[in-house]
Amino acid sequence: MKETTPKPTMIGVSIRPSEHLKRVWEHPFVWWPLSCVLVLTVVVTYLSQLVNEGLWADLILPIPFVYVITLIGLVIGIVINAAAYKLIVFLAKGDATFHQLFSGVLYITPITIIGTIISHLAIIFFMCQKILRLPH
């Protein structure tokens with residue numbers, strides 16, 4: 001009987017990285033983590049718009065276009081990141097596939113995005129506190 005290993009999870013990569021990245025290595029998934037990364041990027045872009053409202057007001061481009069360019073840039077950046085890892089693996093004479101590396105990058109990227117979301121929320125909280133003149 002074929003033994004099935006549990007699927008990797010994005011939260012698991014944060015909590016138990018070696019175990020979950022091993023699962024990513026064995027079963028590289030792309031569409032689910034890519035969808036999550038894109039949704040988190042939209043959230044970060046929206047929060048960035050709130051935090052940097054004055055800068056966004058001076059944009060020549062329409063706001064929806066900025067979101068599309070951000071998402072395209074993110075995907076291109078992740079592909080370049082995985083390609084750089086593939087080059088390193090090739091030079092080190094390793095055997096990782098591009099698909100495995102791309103999937104690994106997708107599972108790790110939300111950690112950075114969530115950190116950015118927390119930072120933006122903290123800035124928004126302190127801006128609201130200043131505007132409402134709440135006691136520290």
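So, starting from the N terminus, the elements of this protein chain run α-α-α-α-α-α. That's six helices and zero strands. Keep in mind, as you look at it, that this is a predicted model.

How spread out is the chain? Its radius of gyration is 19 Å, and the globule rule gives 14 Å for 136 residues; 19 Å is well over that, so the chain is more spread out than a compact globule. You can put a box around the C-alpha atoms too: along the principal axes it comes to roughly 65 × 35 × 30 Å.

A few more numbers for the whole chain, and then we'll zoom in. Of the 136 residues, 31% are buried. The accessible surface adds up to about 9500 Å², and carbon and sulfur atoms account for 73% of that. And if you take the contacts between residues at least 6 apart in sequence, 62% of them join residues at least 24 apart.

Okay, let's walk along the chain, beginning around helix H2, which covers residues 17–26. How many salt bridges do we get in this model? Two. One pairs Glu 19 with Arg 16, where the closest N and O atoms are 3.0 Å apart. Arg 16 is partly exposed, because its relative accessibility is 42%, and Glu 19 is partly exposed as well, at 32%.

The other salt bridge pairs Arg 23 with Glu 19, and here the closest N and O atoms are 2.6 Å apart. Both of those residues are in H2, four residues apart, so about one turn of the helix. Is Arg 23 buried or exposed? Buried: its relative accessible area is 14%, and the cut-off for buried is under 20%. Since the bridges share partners, Arg 16, Glu 19 and Arg 23 end up joined in one network.

Staying in H2, have a look at Trp 25. Trp 25 is partly exposed, with 35% relative accessible area. What does Trp 25 touch, leaving out residues up to four places away in sequence? Ala 96, Gln 100 and Leu 101. On a related note, Trp 25 and Thr 97 are 72 residues apart along the chain, yet their C-alpha atoms are separated by 9.3 Å.

Now step into the loop between H2 and H3, where you'll find His 27. His 27 also counts as partly exposed, at 35% relative accessibility. Once you skip residues up to four places away in sequence, His 27 touches Thr 5 and Pro 8. Compare that with Ile 72: it sits 45 residues from His 27 in sequence, and the two are 25 Å apart in space, C-alpha to C-alpha. Hold on to Ile 72, we'll meet that residue again.

Next up is helix H3, residues 31–51. Here's a little sanity check you can do yourself. H3 has 21 residues, and at 1.5 Å a residue they should span 30 Å; the end C-alpha atoms are 30 Å apart, which agrees.

Which residues of H3 are buried? There's a whole list, including Pro 33, Leu 34, Cys 36, Val 37, Leu 40 and Thr 41. Val 44, Thr 45, Leu 47, Ser 48 and Val 51 are on that list too. Let me pick out Ser 48: its relative accessible area is 15%, so it falls in the buried class. Apart from residues up to four places away in sequence, Ser 48 touches Trp 56 and His 120.

Moving on, we come to Leu 61, in the loop between helix H4 (53–57) and helix H5 (63–91). Leu 61 is partly exposed, at 43% relative accessible area. What does Leu 61 form together with other residues on the surface? A nonpolar patch, made up of Leu 61, Phe 65, Val 68, Ile 69, Ile 72, Ile 76 and Ile 80. Together they have about 640 Å² of accessible area. And there's Ile 72, back again as part of that patch.

To recap, then: the predicted chain has six helices and is more spread out than a compact globule. Arg 16, Glu 19 and Arg 23 share one salt-bridge network, Ser 48 is buried in H3, and Leu 61 belongs to the nonpolar surface patch.

Definitions and conventions. Residues numbered from 1 in each chain as written. Predicted model: local features only at pLDDT ≥ 70, side-chain atom pairs only at ≥ 80, totals over all residues. Heavy atoms only, no water. Helix = DSSP H or I, 4+ residues; strand = E, 2+ residues; numbered from the N terminus. Buried < 20%, exposed > 50% of the residue type's maximum accessible area, 1.4 Å probe, protein only. Contact = heavy atoms within 4.5 Å. Patch = residues over 30% accessible without salt bridge, like charges linked within 9 Å, V, L, I, M, F, W, Y side chains within 5 Å. Areas by Shrake-Rupley, 256 points an atom, 1.4 Å probe, with all protein chains shown as cover. Salt bridge = Lys/Arg side-chain N within 4 Å of Asp/Glu carboxyl O. Rg over C-alpha atoms; globule rule 2.2 N^0.38 Å. Expected span 1.5 Å × (residues − 1).
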